[in-house]
Amino acid sequence: MPSGPAGRLVRVVFGLKRTWYKLRYPGLTLGRDVQIRGRIRLRRGVRVTIGDGCRLNKRVRFAGPGVVTIGPGSLLNGSWIGCWTTVTVGAGSLLSDCELVDNTFHNLDPARRHDPPSPSTRAPITVGDNVWIGAGAVVLKGVTIGRDSVVGAAAVVREDVPERVVVIGNPQQIVKRFDG
């Protein structure tokens with residue numbers, strides 16, 4: 001962030017945006033120094049807490065009746081988070097133009113497919129600290145992504161990802177492990 005008068009002006013602009021979004025969305029809690037460089041959209045009563053020092057670029061969307069928690073120092077860049085239970089993103093994570101959705105919206109059993117969704121259609125998502133999720137990736141219900149991992153662009157994550165690995169593809173596969 002620039003220093004001097006320009007820096008003060010930028011801080012005032014971010015402060016005004018934070019105030020406006022908090023007034024517009026009662027279910028939104030913003031930490032200190034959150035930088036909203038694009039737009040935020042909340043739908044269907046979702047409750048969202050964004051930690052200190054987070055940056056939101058482009059249009060970041062949240063939907064569903066669940067609870068989303070974004071850890072401090074994270075970057076969300078055009079992400080969509082659909083939350084009917086809980087979605088938790090750890091500190092310092094990077095989410096590109098990706099989707100995290102904790103609900104399949106329909107029952108799998110063909111005889112029940114048109115019935116209202118049952119609890120089995122929903123499961124929480126947990127993203128560890130310092131995780132990078134690439135553009136076009138989709139993280140599905142019930143997944144935990146371990147800290148320091150990378151989800152490659154356009155990957156479909158439907159099973160847990162261990163710590164300190166890179167996964168790509170559909171279905172996901174581990175292609176690299178970080179030593180140490």
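In this predicted model, Ala63 has Gly82 in β9 as its bridge partner. This pairing belongs to the contact between β6 and β9, two strands that run parallel and are joined by 3 bridges. On β3, Arg39 stands opposite Arg59 in β6, and here 5 bridges join the two parallel strands. Further along, β12 and strand β15 (residues 138-139) also run parallel, with 2 bridges between them; Glu99 stands opposite Val138 in β15.

Taken together, 6 strands make up an open sheet with parallel pairing, and their order is β3-β6-β9-β12-β15-β18. The edges are held by β3 (39-43) and β18 (156-157); each has a single partner strand, so one side of each has no neighbour in the sheet. As a general point, side chains in a regular strand alternate between the two faces of the sheet.

The nonpolar interior comes next. The largest nonpolar core has 39 residues, and those touching the most other members are Ile50, Phe62, Ile81, Leu100 and Ile133. Several strands each supply at least two residues of this core, among them β1 (28-30), β4 (47-50), β7 (67-70) and β19 (165-168). Leu100 gives a good picture of such packing: leaving aside residues up to four places away in sequence, Leu100 touches Trp80, Ile81, Gly82, Val87, Val89, Leu95, Ile125, Val127, Ile133 and Val139.

Leu140 offers another view, this time from a loop, the one between β15 and β16 (144-145). With a relative accessibility of 29%, Leu140 counts as partly exposed. Its contacts, again not counting residues up to four places away in sequence, are Val101, Ile125, Val156, Val157 and Arg158. Leu140 and Glu159 are 19 residues apart in sequence, and their C-alpha atoms are 8.1 Å apart in space.

Turning to aromatic rings, a search of the whole structure finds 3 pairs. The ring centres of Trp20 and Tyr21 are 4.9 Å apart with the planes at 80°, and because angles over 60 degrees count as edge-to-face, this pair is edge-to-face. The two residues can be set side by side: Trp20 is partly exposed, at 45% relative accessible area, whereas Tyr21 is buried, at 5%. An edge-to-face pair is also formed by Trp84 and Phe105, with 5.0 Å from centre to centre and 85° between the planes. Trp84 lies in the loop between β9 (80-82) and β10 (86-89), and Phe105 in the loop between β12 (99-101) and β13 (125-127), so this pair ties together parts that are 21 residues apart in sequence. Phe105 is partly exposed, at 33% relative accessibility. Ring pairs also link Trp20, Tyr21 and Tyr25 into a cluster.

Charged side chains add 5 salt bridges. In one of them, Lys58 meets Asp97, with the closest N and O atoms 2.9 Å apart. Lys58 sits in the loop between β5 (55-57) and β6, and Asp97 in the loop between β11 (94-95) and β12, so the pair ties together parts 39 residues apart in sequence. Lys58 is partly exposed at 46%, and Asp97 is partly exposed at 31%.

Arg147 takes part in a salt bridge with Asp148 (2.4 Å, N to O). Arg147 is partly exposed, at 37%, while Asp148 counts as buried, at 18%. Arg147 also forms a salt bridge with Glu163, the closest N and O atoms being 3.5 Å apart. Through shared partners, salt bridges join Arg147, Asp148, Glu163 and Arg164 into one network.

Note on methods
Residues numbered from 1 in each chain as written. Predicted model: local features only at pLDDT ≥ 70, side-chain atom pairs only at ≥ 80, totals over all residues. Heavy atoms only, no water. Phe/Tyr/Trp six-rings, centres within 6.5 Å; stacked < 30°, edge-to-face > 60°. Buried < 20%, exposed > 50% of the residue type's maximum accessible area, 1.4 Å probe, protein only. Helix = DSSP H or I, 4+ residues; strand = E, 2+ residues; numbered from the N terminus. Pairing = 2+ DSSP bridges. Core = buried A, V, L, I, M, F, W, Y, C linked by side-chain atoms within 4.5 Å. Contact = heavy atoms within 4.5 Å. Salt bridge = Lys/Arg side-chain N within 4 Å of Asp/Glu carboxyl O.
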